[in-house]
Each structure stands twice: as C-alpha cells, then as structure tokens.
Amino acid sequence: MAIDDRRTPSEAKSARMDPLARLPVFLSLDGKRALLAGGSPAAAWKAELLSASGARVEVYATDVCDELQRLADDPPRGVIVIHGCTWSAENFEDAAIAVGAFEDDECAAEFAAAARAVGVPVNVIDKPAFCDFSFGAIVNRSPLVIGISTDGAAPVFAQAIRTKLEALLPKGFADWAAAAARWRSALKLTRLSFAARRKFWQVFTANAVAHPDRAPAQADFDSFVAEVKGLGASVEGGSVTLVGAGPGDPELLTLRAVRALQSADVILFDDLVSREVMDFARREARKMLVGKAGFGPSCTQDDINSLMVGLAKQGKRVVRLKGGDPLIFGRAAEEITACGAANIAIDVVPGITSVQGAAARLGIALTDRKKARRLQYVTGHAKNGGVPADLDWKSLADPSTTTAVFMPTRTLSALVEKAVAEGLDRNTPALAISRATRPDQAVVTAPIAELAARLAQAQLPGPVLVMIGNSVSSVAGTVTRRSNATA
C-alpha cells in the first residue's frame with residue numbers, strides 16, 4: 001500500500017500573547033490635571049515625569065523638599081503648582097491621574113480608595129498593593145519612548161535593562177521620530193496610495209537606521225517621496241523575499257531578515273524554522289506552513305511556487321522563510337525562476353548556514369592552513385532519496401578538505417561506504433550535529449567509518465548535519481549536548 005507523503009500548505013495560527021504581569025499603556029497627559037500628594041524627593045521625581053509629559057501637576061503637601069520647589073520654579077514642560085495643604089476628596093475632580101507618596105499603609109489605602117471612588121487611576125510610590133499602574137524604567141528618545149517593567153519585582157534589573165537599551169539606541173532616533181510626527185500629515189497631501197505611503201515609511205526607516213546621528217531635513221522628505229514615485233506601478237504590486245532563517249538560534253538572524261519578517265503580509269515557512277525565529281515576525285502577518293521535511297510528508301515545490309506567486313499577484317509582501325541559507329539546498333533556483341516567469345519582484349536575504357552555526361558553537365575552524373585548505377557542501381540524497389550518483393568522490397576523499405553533508409541521515413552508511421571505496425580514510429574525524437545552535441543541540445563524534453552506526457544508536461532528532469575532515473578532530477566525546485545559554 002502506497003504511503004501518501006504529499007502535504008498541502010496550511011495556515012498556522014499566530015502565537016497567542018503570553019500572560020502579561022502589566023499592560024504597557026502610554027498615557028496622553030498634555031494639558032491634563034495630575035494630582036500629586038506628598039512633597040518628598042520621591043514625589044519630586046514623579047512630578048518631574050508628569051510635567052515632562054505635559055501634565056498640569058498639582059501638588060498637595062504641607063512640607064515640600066527643596067528639589068520639588070526648584071522643579072515648580074522651573075518645570076520641564078507642564079506647570080507644577082504647589083498647594084500648601086493636604087489633599088482632600090474634592091481634589092480628584094477632573095484629575096486624569098493621581099500619585100501619592102506616603103510612609104504608612106493606612107494613608108496610602110485612604111488615598112487609593114478616594115481615587116478609585118471617582119475612577120482616577122492611582123499610583124502609590126513603592127507600595128504596589130495600592131497601585132493601579134506603575135511607572136517602570138524609561139528610555140527617552142521622545143517621541144520614541146520605551147517603558148520597562150518587572151511588575152515591581154526587580155527595579156534594579158529594570159534599570160540595568162534601561163541602561164543597555166540606551167546604549168543601543170542612538171540619541172538621534174529622537175530627531176527621526178519627531179520628523180515622522182511632522183511628516184505624517186504632509187505625506188497625506190502627496191496623494192500617494194496606501195501601498196506607496198507604506199513604502200515611504202520603509203524607506204524612512206531604512207534611512208533612520210542607517211543614519212541615526214544625522215538630523216532629517218525637508219530635503220530627505222522630498223527625496224523619499226521622489227524615490228517612491230519613481231517606483232511607479234511596481235510599488236502597488238506584491239513581492240517575494242527569500243529569507244534565510246539561520247540554523248535555529250534567533251540571535252543569528254541578520255538585520256535584513258528581521259526587517260523582512262516585520263514588514264511581511266504573508267510568511268511561508270518550513271518545519272525547520274524555529275519558533276523563536278518566528279517570534280520576530282509581524283504579528284498581523286499570515287503564517288503558512290509549507291513544510292518540507294526530509295523523508296516526511298511535504299508540500300510539493302509546485303504547490304509552494306503557485307501559492308507564493310498567487311499571493312504576490314494579490315499585492316502581498318510574501319516572505320519565503322527557510323532554515324539556514326535559502327541559496328544552499330533550499331530550492332531557491334526553482335522559486336526565483338517561478339517569480340521571474342510571473343514578473344514578480346524578488347529579493348534574497350542570505351542566512352547563516354547550519355555549517356557555520358555548528359562550527360561556531362563547537363569552536364571548529366572550517367578552513368585551516370595546516371588541516372583544511374578547502375570547504376565543500378554536498379547533499380546527502382538525490383531526488384529519488386538515494387545517494388547522489390554525481391558526487392565528486394575524489395574531492396570527498398581529499399584529506400585536506402572539510403566536507404559538510406546536508407540531509408545525510410538515511411543515506412550516510414551508503415555514502416561513507418562509497419567514499420571509503422574511492423579513497424576516503426576510514427579514520428577521518430567526523431561528527432554529526434543535531435539541531436545546531438538550539439538549546440537541545442546534540443553532537444555525535446566518531447571516525448567516519450563508525451559514524452553511521454553511532455548516529456543510528458543515538459537516534460538524534462532532525463535536522464542533522466554531518467561534517468567530515470581533519471578540521472573537526474578537536475571535537476571530542478561520543479555524544480555531547482550544549483545549551484545556547486552557555487555559548
């Protein structure tokens with residue numbers, strides 16, 4: 001009885017949002033009343049934040065610290081008014097937000113209850129039990145603002161993350177974000193279509209990332225609009241981008257790959273693409289599994305080509321996401337040809353290969369002046385599932401070559417037997433690595449003549465890669481496992 005190994009493309013459900021300890025919300029306080037009870041240095045810091053947000057801060061306290069008084073004299077933005085008395089229930093009228101600084105829980109509870117009675121969101125400094133919201137740590141590149149919260153569990157940790165993010169985000173991003181706010185209305189006046197405006201913002205973003213320390217000018221706006229108009233009707237059409245997802249570790253994605261995933265309308269992905277990589281995808285994008293797993297039920301290449309071209313003809317931005325690099329044993333030639341025949345614009349974003357990822361994790365130099373002067377990639381099976389008949393067996397037997405064999409599991413024994421018969425030394429160092437760069441990565445090492453038997457005994461999950469050559473001799477042990485967390 002024949003086994004049906006055909007599979008049809010299927011839409012994958014987007015991952016549901018994991019539980020949130022806090023909902024991040026950015027309040028618009030410009031010109032609104034903010035009630036602040038207390039005059040301590042902690043209250044002064046909250047007054048500074050509220051004023052910087054544009055709020056009219058009304059402080060109710062009989063004893064005000066010098067720092068808060070100086071802020072009232074020279075506020076960062078919104079006016080700060082100090083009332084020399086304690087708060088009362090009437091003070092909450094028309095307040096958009098209420099913040100209190102109290103030493104004891106009884107006063108904190110009374111203040112919180114009064115705020116909630118009239119529906120005003122309340123925060124009591126350093127007393128989370130009485131808080132409807134928290135401030136968190138802030139990275140300020142306004143109008144680009146990032147808030148960081150640990151739900152009060154580790155404020156020092158949140159501050160450390162803020163410091164890291166501030167080092168990563170150029171201060172010039174504030175100028176680009178401000179330009180975006182200015183140009184949004186101007187862009188509508190150009191009468192560009194929705195697709196063209198979306199392209200404008202893609203061009204804008206690329207330039208902001210490439211030139212973060214240069215303040216954008218009107219000439220940039222004009223240049224971006226001209227670039228989009230120069231694309232003509234093509235900007236309204238769909239496109240296909242072949243993207244390399246790398247071997248599995250999401251930190252090995254390229255910046256271009258991340259940008260492609262975050263701008264895609266539809267993502268066609270393989271079984272070998274890790275969930276962690278898919279987490280970088282635009283949440284609103286359709287995710288469709290077009291699984292191509294070795295020796296298992298797979299979508300046909302014709303089905304994938306037809307789906308990919310059809311979606312692009314509908315005006316969709318399609319990302320064809322493949323494990324490793326799409327140009328290496330990824331059938332990229334067939335997909336490029338299909339897009340070309342349909343006059344669909346296509347781009348390719350290369351990825352880190354599993355060979356590079358595995359070598360990096362294991363500390364292997366793929367080429368070495370003393371051990372390996374050449375590196376070659378070969379496929380472990382032909383279209384019929386057997387050993388490829390057209391392999392260059394002489395090159396496989398070359399002791400100064402590092403050979404990486406993709407998709408080797410079913411044919412490794414026969415491939416090694418043939419290679420040894422053609423001159424490959426039976427004692428050549430070799431290894432098989434499963435799920436390279438992922439947390440459950442596993443490695444089997446052995447002389448090449450013994451590797452197939454040891455691999456079968458280990459029963460490693462796919463995908464598996466085999467590496468042969470003197471360059472891999474530094475990897476010792478029969479089966480080793482290594483977590484990304486220790487890399």
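Is C299 buried or exposed? C299 counts as buried, because its relative accessibility is just 1%. Keep in mind as you look around that this is a predicted model. The chain has 487 residues, and along it you'll find 15 helices and 21 strands. Here's a quick tour, going from the whole chain to single residues.

**The whole chain**

- Let's start with the spread of the chain: its radius of gyration is 30 Å, while a compact globule of 487 residues would come in near 23 Å.
- If you box up the C-alpha atoms along the principal axes, you need roughly 95 × 55 × 50 Å.
- Of the 487 residues, 44% count as buried.
- The chain exposes about 25700 Å², and carbon and sulfur atoms supply 53% of that area.
- Take the contacts between residues at least 6 apart in sequence: 67% of them join residues at least 24 apart.
- On the charge side, there are 56 positive and 53 negative charges, and the mean positions of the two sets sit 8 Å apart.

**The cysteines**

- How many disulfides does the chain have? The count comes to zero.
- C85 is in no disulfide, and the nearest cysteine sulfur, in C107, is 15 Å away.
- C85 counts as partly exposed, because its relative accessibility is 36%.
- Why is C299 not bonded to C339? The sulfur of C339 is the closest cysteine sulfur to that of C299, but the two are 17 Å apart, so they are too far away for a bond. For a disulfide, the sulfurs have to be within 2.5 Å.

**Backbone oddities in loops**

- Which two residues does a cis peptide bond join? They are S142 and P143, and omega there is about 10°.
- P143 sits in the loop between β8 (137-141) and β9 (144-148).
- N343 isn't a glycine, yet its phi is positive, near 55°. You'll find N343 in the loop between α11 (332-341) and β15 (345-349).
- N343 is exposed, because its relative accessible area is 73%, and exposed means over 50%.
- Q459 is another residue other than glycine with a positive phi, near 50°. Look for Q459 in the loop between α15 (448-458) and β20 (464-468).
- Q459 counts as exposed too, with 67% relative accessibility.

**Residues in helices**

- L71 is part of helix α2, which covers residues 66-73. L71 counts as buried, because its relative accessibility is 11% and the cut-off for buried is under 20%.
- Which residues does L71 touch, leaving out those up to four places away in sequence? They are A44, E48, P76 and I80.
- L71 and S51 are 20 residues apart in sequence, and their C-alpha atoms are 9.2 Å apart in space.
- T205 belongs to helix α6 (residues 194-210). T205 is partly exposed, with a relative accessible area of 38%.
- Along the chain, T205 and A177 are 28 residues apart, while 9.8 Å separates their C-alpha atoms.
- Q356 lies in helix α12, made up of residues 354-362. Q356 counts as partly exposed, because its relative accessibility is 38%, which falls between the 20% and 50% cut-offs.
- If you skip residues up to four places away in sequence, Q356 touches G351 and Y377.
- Q356 and R282 are 74 residues apart in sequence, and the C-alpha to C-alpha distance is 27 Å.

**One more loop residue**

- Where does E251 lie? E251 is in the loop between β10 (239-244) and α8 (255-263).
- Is E251 buried or exposed? E251 counts as exposed, because its relative accessibility is 71%.
- E251 and E276 are 25 residues apart in sequence, with 9.3 Å between their C-alpha atoms.

Technical notes. Residues are numbered from 1 along each chain as its sequence is written. This is a predicted model: local features need pLDDT of at least 70, side-chain atom pairs count only at pLDDT 80 or more; totals for chains, interfaces and linings use all residues. Side-chain values use heavy atoms; hydrogens and water are left out. Helices (H or I, at least four residues) and strands (E, at least two) are DSSP runs, numbered from the N terminus. The radius of gyration is taken over C-alpha atoms; the globule rule is 2.2 Å times the number of residues to the power 0.38. Buried means under 20% relative accessible area, exposed over 50%, partly exposed in between (1.4 Å probe, protein chains only). Contact means heavy atoms within 4.5 Å. Accessible areas come from the Shrake-Rupley method with a 1.4 Å probe; for residues, only the protein chains shown count as cover. Lys and Arg count as positive and Asp and Glu as negative; His and the chain ends are not counted. The place of a charge is taken as NZ of Lys, CZ of Arg, CG of Asp or CD of Glu.
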